[in-house]
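Student: I'd like a close look at one part of this model, the aromatic rings, and then at whatever connects to that picture. Please keep the cut-offs explicit as you go.

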Amino acid sequence: MNVAQTPVRLATGRWRAALLILLLWLSGCATEPAQPSRDYSATGQAIQAVYEAALPELPRDKQRHYAQRLYRISGDQAYLPFIEAHGRRLLAQLERDIEGLAEPGYAAARAQQAVANYPLRTAKQRARKAMLAKWGEIAFGRQLLFRLVQADYYGLLDAVPDHERALDYLGSLAWQRFLTDPEVMRLYTAQVANQAWFLHQLGIVDLRHEMRDAFQDTFPLDTVAALDEADYRNRLYGMTHIVIADSLYYQRWVSAERHAWILEALAAEIERILDQATEDIQAEVALVFLLTGNEDHPVVTRIRQRLMESIDPGAGIIPSPRGETDLVRGEHRNVLAVMVLTWPGRLYSGPDLSASVSSSAGAPRRPPAQALTSPRQTRGVALSTCGASEVQMC
């Protein structure tokens, strides 16, 4: 299916219900006193209703992305079939690649294939493709690293035959040079943050300090005001992903003190963020504050209001900066908005798929989701008294 040309068709009844929720909210704003928390939640639920109706028809990667995130803030087992399908694909992909690593030239060929298949739709994608082509097997390594981390999130790593071979292979790659290279950092900022935390999570190598120092060298505070829009957005993405990756992608709460330098910068730059950042980035900025227990911070309030104002009343979702309302391309932006607007103050790990995916005996066993309640900070950001270079990243 060409997702750029073929729109996802919605179940008519659910679509109308979603629009009704949104229209009721819009009409209520004009006649009733403001009730921010209720309005935010109702708006997020209206966006969610649109995507829930379309979810079975979305591409598999979008189903995984959407279901994984909403499971981790809700624990709703209705999302498990989509996540379990992802878990089964992961096991098959990892088995193929780990067997392939025993063959000379396999990793190099897979890296070339990854670069050849890299999308070219935007200028950013074209620049990233050219950059990755310079780094040999890193283009394959980043895919393998992501899949291993996902398997680890799901409790499936032990179900992957010979997964130690993959860990050893990843340990042989030039991650430190890659993650601290100025060009890589400027073009691939969010992914660099992710990969530093993924490598640490799997016990391969801890480059979190080096990555942070390289980030601060690439984007010094005294030069931020002069950054063009593209570089400024990449910098924001990098900062948000340091915190999101530390949370294991919405599975645990994060120390505000550890990331005080990020919270301070985002709070100080909120006007520029609202003016120049896309809704995707704005939502991730709010999630940084939410994951550190700062739901009452003014940054969260202002971004929630902006996300509400950004909704296209006809489509019921937040469109792209060019006004496009394609559900597939807009999934990332809109699921993040749902998370910010409906944030429940609880996080759920996993889910653990070790019984339901790795075993074929009997009916799947799904352990109940266990929630971690927010360490809410009622006085705003807990700022560190030490310098940015002294903040521990553990």
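**The ring cluster and its surroundings**

Tutor: Let's begin with a cluster: Trp135, Trp175, Phe178 and Tyr188 are linked to one another by ring pairs. Rings of Phe, Tyr and Trp (its six-membered ring) pair if their centres lie within 6.5 Å, and the planes make the pair stacked when under 30 degrees apart, edge-to-face when over 60, and tilted for the rest. Before going further, please note that this is a predicted model, in which local features need pLDDT of at least 70 and side-chain atom pairs count only at pLDDT 80 or more, while totals for chains, interfaces and linings use all residues. Residues are numbered from 1 along each chain as its sequence is written, and side-chain values use heavy atoms, with hydrogens and water left out.

Searching the whole structure gives 12 aromatic pairs. One of them joins Tyr66 and Tyr79, whose ring centres are 6.2 Å apart with the planes at 70°, so this pair is edge-to-face. It links distant parts of the chain, as Tyr66 is in helix H3 (residues 60-74) and Tyr79 is 13 residues away in the loop between H3 and helix H4 (80-100). Helices here are DSSP runs of H or I with at least four residues, strands are E runs of at least two, and both are numbered from the N terminus. Tyr66 and Tyr79 are both buried, where buried means under 20% relative accessible area, exposed over 50%, and partly exposed in between (1.4 Å probe, protein chains only).

Back in the cluster, Trp175 and Phe178 make an edge-to-face pair with 6.3 Å from centre to centre and 80° between the planes. These two are 3 residues apart in helix H9 (residues 175-180), which means that about one helical turn separates them. Trp175 and Phe178 are both buried.

From here we can move to helix H11 (residues 189-201), where Ala196 lies. Ala196 is buried, as its relative accessible area is 0%. Leaving aside residues up to four places away in sequence, Ala196 touches Leu179, Leu207, Arg208 and Met211, a contact being heavy atoms within 4.5 Å. The C-alpha atoms of Ala196 and Met211 are 6.7 Å apart in space, although their positions lie 15 residues apart in sequence.

Arg208 brings us back to the rings, since it lies over the face of Trp197, 4.8 Å from the ring centre. A charge sits over a ring if NZ of Lys or CZ of Arg is within 6 Å of the ring centre and within 35 degrees of the ring normal. Arg272 has a similar place over the face of Tyr232, at 3.8 Å from the ring centre.

Two other tyrosines deserve a look at their backbone. Tyr249 is in the loop between H13 and H14, and its phi is near 55°, a positive value in a residue other than glycine. Tyr250 also lies in the loop between H13 and H14 and has a positive phi of about 70°. For comparison, most residues other than glycine have a negative phi. Tyr249 counts as buried at 10% relative accessibility, and Tyr250 is buried at 2%.

Both of these tyrosines are touched by Arg69, together with Arg64, Val335 and Met339, when residues up to four places away in sequence are not counted. Arg69 lies in helix H3. Arg69 is buried but has no salt bridge, and Glu331, the nearest side chain of opposite charge, is 6.3 Å away. A salt bridge is a side-chain nitrogen of Lys or Arg within 4 Å of a carboxyl oxygen of Asp or Glu; for charge, Lys and Arg count as positive and Asp and Glu as negative, with His and the chain ends not counted.

Elsewhere such bridges do form: 17 are found across the whole structure. Glu183 and Lys134 make one of them, with their closest N and O atoms 3.3 Å apart. Glu183 is in helix H10 (residues 182-187) and Lys134 is in the loop between helix H6 (123-132) and helix H7 (138-153), so the bridge ties together parts 49 residues apart in sequence. Glu183 is partly exposed at 29% relative accessibility, whereas Lys134 is exposed at 58%. Glu295 and Arg304 form another salt bridge, with 3.1 Å between the closest N and O atoms, and both of these residues are buried.
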